[in-house]
Amino acid sequence: MRRLLSEVRYRLRALFRGRAMDTELNEEMQFHLEREIEKRTRAGASRAEAERMARAHFGAVEGTRDEARDARGISVLEHLGRDLHLAVRSLRNRPALTIGVVLTLGLGIGVNAAMFGIIDRLLFRPPPMLDDPGTVFRVYRPRLSVDEGEPRVDRNFAFPTFLDIARLTSPFETVAAFQTRRLGVGEGEDVLEVPVTVASASYFSLFRAVPARGRFFTQAEDAVPQGTQVAVLGYDFWQNRFGGQDVIGRTLRVDRMICTIVGIAPRHFVGMSDQGVPAVFLPITAYAYALRGQRYPGNFNWSWLELVVRRRASVSREIAEAAVDNGMIQSYRNAQAFDPGWGTPEENRVHGALGPVQLARGPDASPETKTATWIGGVALIVLLIACANVANLLLSRAVGRRGEVAMRAALGANRSRIAGQVLVESLVLAVLGGVVGVALAQWGAAGLRAWFLPADLDVGVLGDPRTLAFVAIAVVVAGLLTGIGPAMDAARTITSGSLRIDARHERRERTGLRSLLLVLQPALSMVLLVGALLFVRSLRHVRDYRLGYDVDPVALVAASLRGAQLNQAAQRELTQRMLDAAGTVPGVRYVSLAASIPFWSNEGRRLYVPGVDSVNRLGRFILQAGTPDYFRTMGTRIIRGRPFDATDRVGSPPVVVVSEGMARAVWPDQEAIGKCFRIGSDTVPCSTVIGIAEDMRVRSLTDSREFTYYLPAAQYDGGFDPIIIARVDGKAADYTTSLRARLQTEMPGAAYVTVAPLQTLVNPRMRSWEFGATLFVAFGALALIVAAVGLYSMMAYEVARRTRELGVRIAMGASVPRILRGVLARGGRLVLVGVLLGGVAALVIAPRIQDLLFQQPARDPVVFFGVAGVLALVGVLATLIPALRATRVDPNVALRAE
Amino acid sequence: MSGQLDLPQGTLDLLILKTLSLEPMHGWAISERLHQISEATLVIPQGSLYPALHRLERKGWIDAEWGSSENNRRTKTYHLTGSGRRQLAAERAAWRTLTRTVELVLDTR
């Protein structure tokens, strides 16, 4: 016990008074040496001799000091403090190197912090406040499409399917349905289109969420069929729109409903939504009833709800999945009873499946998710290159510092102390890099996050412990990666007992590791740049791709009726008024009705072609109907035959224009014009093909089995939504205000007009390529710059170190081109090997991103040779400056410097 | 240096404790005393003396205080503590046992 006390007392003293104890120790040893010298001079030795012998007898002073410190027992902590102190001093002495290294690591860590936050939210993190996410699943319905015979996965279900699944109460504690859509909220001029989540009352019980004010809506308010028009506001919407005042009991117009506000959702509550932060939550029944009337609860043809379930704790996932599988098949049978067009569950191979709450991990993940994951990998490579570069810089410096290391070793400092100190230095650099990286990610990543995560309540990197933990790990790994080489070099310097303090004399340089690091950088850059160029070319293909219509000059004009009840005739009259009014707006060239709008809404019907079995297995056929100016408005070209015109009226023989692809698919090797087919049922009159139009992309940019046929509006029996399309001179985006102002005057009641350039519908389809291209190029360029700087500094360093040798060679008469060639060859070899290795790696990896590319072969030789050429050029440039410096070495100066 | 012995591992602590049991003294004096008593047979690696002293101090077997020497230099003087005395007795006994045993083995025919 007393020993323990004494030990503790001693250690505390050592900890807090370590420096004083060192001084004391020095004093003590000094005293010892002096007495020893005195003794020896008395015995007759000369003063100098005595001093030498005393020191020899005593042994290495520094070693003794370290040992004594170790004996004190707190050395690890104390050494760390000392090393930190030393590291900071040594880094401060070389500000250029320090800043370069910190920025390099900062960029590397910053891009990773940004991408980690995104990928974490996409793939791993459950929505905020979700209770026990492990038991919550999204519901999917994998099946073969009856029309196309292709496998697909449904995620949106009809209301009666929700009711069918909700009946499965034994495996599931909760079954909830929801959908988020943009709806007009407010009155008149104040109408704002905001994300509105329409949800079942059960939805809220999935979350550990307590309303900030009031309450959530109840089962009774979400009762079939009519529900109650109540609303819960999102916290941010409440703050921004109502300034946080008491609004419970007030009414709010949402789309066509007048809702009573009953509660405010808690802050940061977004539900399951991945389509924006909801401003308002509404009961499904109230919304569906207002939109579709009392027949919606049995309507299987309106698939619009996403389903979420929580299994009971006592039920395994397998059993839950079996139950949902069974329920889905049952519900499909109900759908078939409602509309035979669904086909039987057997022939469609219908199943029910559960998927994780993270949409991106489910079977219906968007290409953006994949792109994000790849870019996350790219970010890691950038960090690797940064680490290789920094490791190289530190290694070069370590070689330059061998003298210092050897000196300290000779003074008795032990191996682990010296290696440890080198490692601490690189860790300090990595920590500084981490700080810079967090700052970069904090300010620079907001745009990235908004792009990938529309429903993200951005708290930045600093407010996100998971990202900060990730950064901490990245810092330690980067510190070790960059420090291990130099530390080993220092340790070896000591082991080899090298007292050759002058590093210039050390002929046998350990260049192997450094060459490897130098090769690694162009190799990794090669991989990244190949990816970048593939995405850039994809993007260009997408942009150049003819969609079958013009995008820029076309605007969509839609009327939201919001409850103004119009009969067929009144609605037809309204659209005619809209057409007429839009035509009078200056700059508007053509206007037309349209039944299907690209990437917005489309209609399909079964087709019956004489002599062709099950036409619908050939592809997806999209019905389009328009007024005579339709083709001129869209800019769609007629390839052969004629477009429909004013002579194709009600009662005249039915006519149809088909797309080129459709003509080829349905009537291969035959002239399609003059052929006829029936639309919707095999009892209607046959429509005769009068013209062939170019192919049009309506649902997907990449699906070549997507066909369109065009009917004159006069002969189309379906109703038109009050949407018209207008073609303007110049860009549609410049006309949104004037179109809207002119058409708003035609609106009845509370109806309002929205104008959207077609561009805004098409652009999101290009996002994954746009984003892939932008980020790959940004990261690839970053990697290239870092690699080039690495190569440059390395070659510059080698030339500087070989100054003497070069001087001798020049003095011996080596010609300038020869010297130049020598240096260039060394740099060139490294780049060449790197490019070859990277090229092979890229060849292996590239096919895996094939499905993210657009009409771009992943192993495109143009891309590979192009990137290799760029890298070779950069390599030569990076080597050229040091090489030229080598030729200007003055032999006199070089030799005298010795 | 014929006739000189290297110190067996671990015995330095014992010797220091024994030396200090005679009277408190400073580091150099300890090394001198050991040298004399052993009739110049033992080579005390002087460099390892100080780590050993610090180790013993940490264990609480010896304690130290700063004073001044004959010619008025500041010196650190070590002395044995109570537990150091007990430790010395214990180690001494252990050493005796050890040497006796080793001799016994060596003398066996």
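This tour goes through a four-stranded sheet, a largely enclosed strand and two nonpolar cores. The model is predicted.

**Stop 1: the sheet**

Select strands β14, β22, β13 and β23 of chain A. They form an open sheet in exactly that order, with antiparallel pairing. Now colour β14 (588-593) and β23 (752-757) of chain A. These two stand at the edges with a single partner strand each, so one side of each has no neighbour in the sheet. Look along the sheet for the turn between strands: neighbours are rotated by 25 degrees against each other on average, direction ignored.

**Stop 2: one strand pair**

Zoom in on β13 (residues 554-560) of chain A. Six bridges join β13(A) to β23(A), and the two run antiparallel. For one of the pairings, pick Leu556(A); its bridge partner in β23(A) is Ala756(A).

**Stop 3: the helices on the sheet**

Add helix α17 (residues 568-584) of chain A. Helix α17 packs on the sheet and touches β13, β14 and β22 (723-728) of chain A. Its direction makes about 170 degrees with that of β14(A).

Next, add helix α20 (residues 736-744) of chain A. Helix α20 also packs on the sheet, with β13, β14 and β23 of chain A as the strands touched. Here the angle to compare is with β23(A), at about 155 degrees.

**Stop 4: an enclosed strand**

Move to β4 (residues 172-185) of chain A. Eleven of its 14 residues are buried, so the strand is largely enclosed by the rest of the structure.

Show β11 (residues 303-311) of chain A. It pairs with β4(A) in the antiparallel sense over six bridges. Select Phe172(A) and you will find Arg311(A) as its bridge partner in β11(A).

Then show β5 (residues 192-199) of chain A. Eight bridges join β5(A) to β4(A), again antiparallel. Val185(A) stands opposite Leu192(A) of β5(A).

**Stop 5: the cores**

Which residues have the most contacts inside the largest nonpolar core? Select Tyr549(A), Tyr630(A) and Phe779(A); the core itself has 115 residues. Its largest share, 16 residues, comes from helix α21 (residues 759-801) of chain A.

Stay on Tyr630(A) and show its surroundings. Beyond neighbours within four places in sequence, Tyr630(A) contacts Ser592(A), Leu593(A), Ala594(A), Gln624(A), Phe644(A), Met696(A), Tyr710(A) and Ile725(A).

Finish at another core, which lies apart from the largest one and has 46 residues. Val194(A), Ala231(A), Leu233(A) and Met257(A) are among them.

Definitions and conventions:
Residues numbered from 1 in each chain as written. Chains lettered and ligands numbered in written order. Predicted model: local features only at pLDDT ≥ 70, side-chain atom pairs only at ≥ 80, totals over all residues. Heavy atoms only, no water. Pairing = 2+ DSSP bridges. Helix = DSSP H or I, 4+ residues; strand = E, 2+ residues; numbered from the N terminus. Axes fitted to C-alpha atoms, helices over the stretch in contact; angles between N-to-C directions. Contact = heavy atoms within 4.5 Å. Buried < 20%, exposed > 50% of the residue type's maximum accessible area, 1.4 Å probe, protein only. Core = buried A, V, L, I, M, F, W, Y, C linked by side-chain atoms within 4.5 Å.
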